[in-house]
Amino acid sequence: MVRCLCLLIVSVYACENDLITSPLTISKETDGHAYRLELMADPPPRLGLNMFSLTVNTLNGKAVSSAEISVEPWMPLHGHGSDRPSLITETGDGLYHLTEVSFTMPGQWELRTQLTVDGLTEYAVFTVDVQ
């Protein structure tokens, strides 16, 4: 019985560590169905300042460059945003780096993303759990 309990504790600990250290990848189609966005974070989001990568492609896989992008961290449970704006830098081939993404408390957050390309504006919301 003691041996089984130890195994259970070790298994739970290993699973929790996997959740904390595994990279985060979320794919979303924009609300108007023109683009596919992929949000990546390694390490996953945590309390404080975070960095993400955002890949923007058309639905047929073509990289989207020169997009105007804004990302607003929002905590829906408490009805508030972040304490600072996120910074976004395009690096080419549809890849954008998000820095200064600030989460001021643990819990569920949304990254409310607005994307404008050639005058067309679309939206996507990524939900992340911050520890």
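In the predicted model, Glu100 counts as partly exposed, at 28% relative accessibility. This residue is joined to Arg84 by a salt bridge in which the closest N and O atoms are 3.1 Å apart. The pair links distant parts of the chain, 16 residues apart: Glu100 belongs to strand S7, whereas Arg84 is in the loop between strand S5 (80-81) and S6. Through salt bridges that share partners, Asp83, Arg84 and Glu100 form one network. Within this network, the side chains of Arg84 and Asp83 meet at 3.8 Å, N to O. Arg84 has a relative accessible area of 36% and is partly exposed.

The salt bridges come to four by the rule applied. One of them involves Glu29 and Arg36, whose side chains meet at an N to O distance of 3.5 Å. Both partners are partly exposed, Arg36 with a relative accessible area of 35% and Glu29 with one of 31%.

Strand S7, which carries Glu100, spans residues 95-103 and pairs with strand S6 (residues 87-92). The pairing is antiparallel and runs over five bridges. Thr89 has His97 in S7 as its bridge partner. Two residues lie between S6 and S7, and the two strands form a hairpin. Asp93, in the turn of this hairpin, has a positive phi of about 55°.

Strand S7 also bears on the packing of nonpolar residues. The largest nonpolar core has 26 residues, of which Phe52, Leu54 and Val56 touch the most other members. Two or more residues of this core come from each of strands S1 (24-29), S2 (35-41), S3 (48-58), S4 (68-75), S7, S8 (107-117) and S9 (120-130). In soluble globular proteins, nonpolar side chains tend to be buried together.

The surroundings of Phe52 were examined further. With neighbours within four places in sequence left aside, Phe52 is in contact with Leu24, Leu39, Met40, Ala41, Pro45 and Leu111, and also with Tyr96, His97, Leu98, Val101 and Phe103. His97, among these contacts of Phe52, is the residue bridged to Thr89 in the S6 and S7 pairing. Strand S7 thus recurs in several of the features described: the hairpin with S6, the largest nonpolar core and, through Glu100, the salt bridge to Arg84.

Key:
Residues are numbered from 1 along each chain as its sequence is written. This is a predicted model: local features need pLDDT of at least 70, side-chain atom pairs count only at pLDDT 80 or more; totals for chains, interfaces and linings use all residues. Side-chain values use heavy atoms; hydrogens and water are left out. Two strands pair if DSSP finds at least two bridges between them. Helices (H or I, at least four residues) and strands (E, at least two) are DSSP runs, numbered from the N terminus. A nonpolar core is a set of buried Ala, Val, Leu, Ile, Met, Phe, Trp, Tyr and Cys residues joined through side-chain atoms within 4.5 Å. Buried means under 20% relative accessible area, exposed over 50%, partly exposed in between (1.4 Å probe, protein chains only). Contact means heavy atoms within 4.5 Å.
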